[in-house]
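Look at the fold as a whole before turning to its parts. The paragraphs below begin with the cysteines, then take up the chain and one of its helices.

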Amino acid sequence: MSSSLSRRQFLGTTAAGGALLAGRLGDRSARAAGREGWPKLPPVKIYKVYAGRTGGIYLSRPTKEIEKFEKYLAKVERKLGDVTFVGGELIPPAKVDEVAAKLGDADGVLLFHLSGHGGGAPALAKLVDVGLPTAVFSQPFSGHGWMYFPAWHKAGKKVVLLPTSDWGELDRVAALMRVPSRLRQTRIVVVHGPQGTEAACSAEQVKKRLGAELVPITVEETVKAHQAVDLKAAEAEADQYWISKAKKIVEPKREEIINSVRLYLALKNIMIRERARAITSSGCMGRPAKGCLTFSKLNDMGLVGACEGDMDSTLTMLMFGYAFGIPGFITDPVFDTAKNALIHFHCTSATQMDGPAGRRLPFSIRTQSDSERGVSLDVENRIGQVVTCAKFVNLHTMLVSTGRITEITHDELGCRTQFVTEVADARKMFHNWGAGVLKGGTMTLLHRVVFYGDHLQSMKDLGALMGFKVVQEG
């Protein structure tokens with residue numbers, strides 16, 4: 001990062017923004033998809049538990065604190081839109097074993113440490129041991145029981161510890177708890193086979209580790225679906241969403257744009273039929289049309305369209321989408337140590353990088369750069385925007401780094417959408433690429449996904465909640 005913005009300032013100013021995105025955009029992706037015909041997902045259930053002593057000076061404190069938290073959680077439910085808090089027992093008088101037995105139907109646990117000096121910590125550990133994603137909120141002056149909680153984290157339990165006076169952390173962690181539940185409800189259409197790390201390409205391993213299902217579709221099926229799309233419907237969609245909104249149209253003709261939009265409508269129908277929230281296709285499709293516009297529109301809506309059959313990036317985009325309601329941009333990054341920069345570029349980009357409720361970025365309609373045919377987008381991303389660069393690999397590790405967009409470029413050797421990000425240490429990041437855990441062919445080793453906002457701490461917390469490693473590349 002530049003001297004004008006220290007790393008501490010950078011992280012401090014963007015952490016609040018990440019929490020804000022989680023609160024405001026979390027359910028808007030689902031609503032946007034719902035308007036287009038995708039079925040609505042059920043709310044995520046988070047079981048709340050209060051723990052505090054009931055004697056001495058603590059006699060009246062739990063009741064007063066619980067009332068405050070209940071009012072605040074009701075606001076969180078309204079803000080997120082797809083989370084519901086259940087339960088609410090106070091331990092004691094409720095018994096830990098009885099509460100633990102009620103957690104089977106929940107997607108996560110939110111434990112409030114109201115008071116106490118640690119004697120009850122071993123008993124509370126039974127709630128963590130159930131194995132659900134769990135967050136422990138412990139305000140200052142809640143007693144000294146917090147001393148025992150870090151041991152749960154060190155032992156690899158699925159727990160996030162929140163020793164803070166900032167109640168906004170409850171919004172953030174509740175949003176993160178949606179991810180494992182939503183992944184178990186996710187079906188991913190895969191056209192012409194997946195690519196990426198061996199584990200991510202295995203339908204059995206993806207199902208076992210994350211609960212998501214891979215649905216194979218042949219190219220021939222997409223061709224038939226494309227032919228079945230009404231031409232007038234494609235023309236209306238092309239005019240309304242693309243042609244009328246483009247800054248300019250360079251190479252493609254109107255007929256080519258309409259043909260690409262017919263592919264979007266065809267794959268949309270397939271996805272709704274298969275109840276899929278994501279789609280990825282190897283080989284950039286090309287038959288019956290390239291998928292750039294299709295994937296861009298899906299990502300604008302809060303769903304996932306991932307190019308080149310990249311399953312690792314597809315899963316990454318799903319995680320960030322469920323947590324923050326924002327799309328990702330799969331890129332082919334290159335370094336420029338002279339600018340302390342990582343340069344991102346590719347031909348498939350969303351135009352609503354802030355999420356479905358955000359304003360569309362300026363874009364031009366171009367051909368796909370490698371083939372100089374088809375229809376692609378040159379999206380002008382926001383200069384000064386802080387971004388997170390990530391990739392979930394091998395189903396067990398999230399590679400992550402942060403940066404800031406400093407420049408928009410249009411180099412002839414790169415793909416259509418291009419931007420420069422200043423990073424903490426480009427030379428160090430260059431030598432640490434893949435962090436020793438990512439190996440494979442060009443696409444597997446190269447691709448990363450860029451998201452608006454600084455989500456570094458949230459990824460660390462999500463890793464704790466889901467049991468995966470988080471490794472910083474830069």
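**Cysteines, chain and a buried helix**

In this predicted model, the number of disulfides comes to 0. A disulfide is a covalent bond between the sulfur atoms of two cysteines. To be counted here, two cysteine sulfur atoms must lie within 2.5 Å. For C415, the closest cysteine sulfur belongs to C347, at 4.1 Å, so the pair is too far apart for a bond. C415 itself is buried, with a relative accessibility of 4%. C201 is partly exposed, and its relative accessible area is 25%.

Now take the whole chain. The protein chain has 474 residues, and 58% of them count as buried. Its secondary structure consists of 17 helices and 20 strands. Among contacts in the protein chain with a separation of 6 or more, 79% join residues that are 24 or more positions apart. The accessible surface amounts to about 19300 Å², and carbon and sulfur atoms contribute 54% of that surface.

Where does helix α13 lie, and how many of its residues are buried? Helix α13 covers residues 292-300, and 9 of its 9 residues are buried, so the helix is largely enclosed by the rest of the structure. The buried residues include C292, L293, F295 and L298. K297 and D300 are also on the list of buried residues, as are T294, S296 and N299. An α-helix has 3.6 residues a turn, so residues three or four places apart point the same way. After α13 comes G302, which has a positive phi, near 95°.

Notes. Residues numbered from 1 in each chain as written. Predicted model: local features only at pLDDT ≥ 70, side-chain atom pairs only at ≥ 80, totals over all residues. Heavy atoms only, no water. Helix = DSSP H or I, 4+ residues; strand = E, 2+ residues; numbered from the N terminus. Buried < 20%, exposed > 50% of the residue type's maximum accessible area, 1.4 Å probe, protein only. Contact = heavy atoms within 4.5 Å. Areas by Shrake-Rupley, 256 points an atom, 1.4 Å probe, with all protein chains shown as cover.
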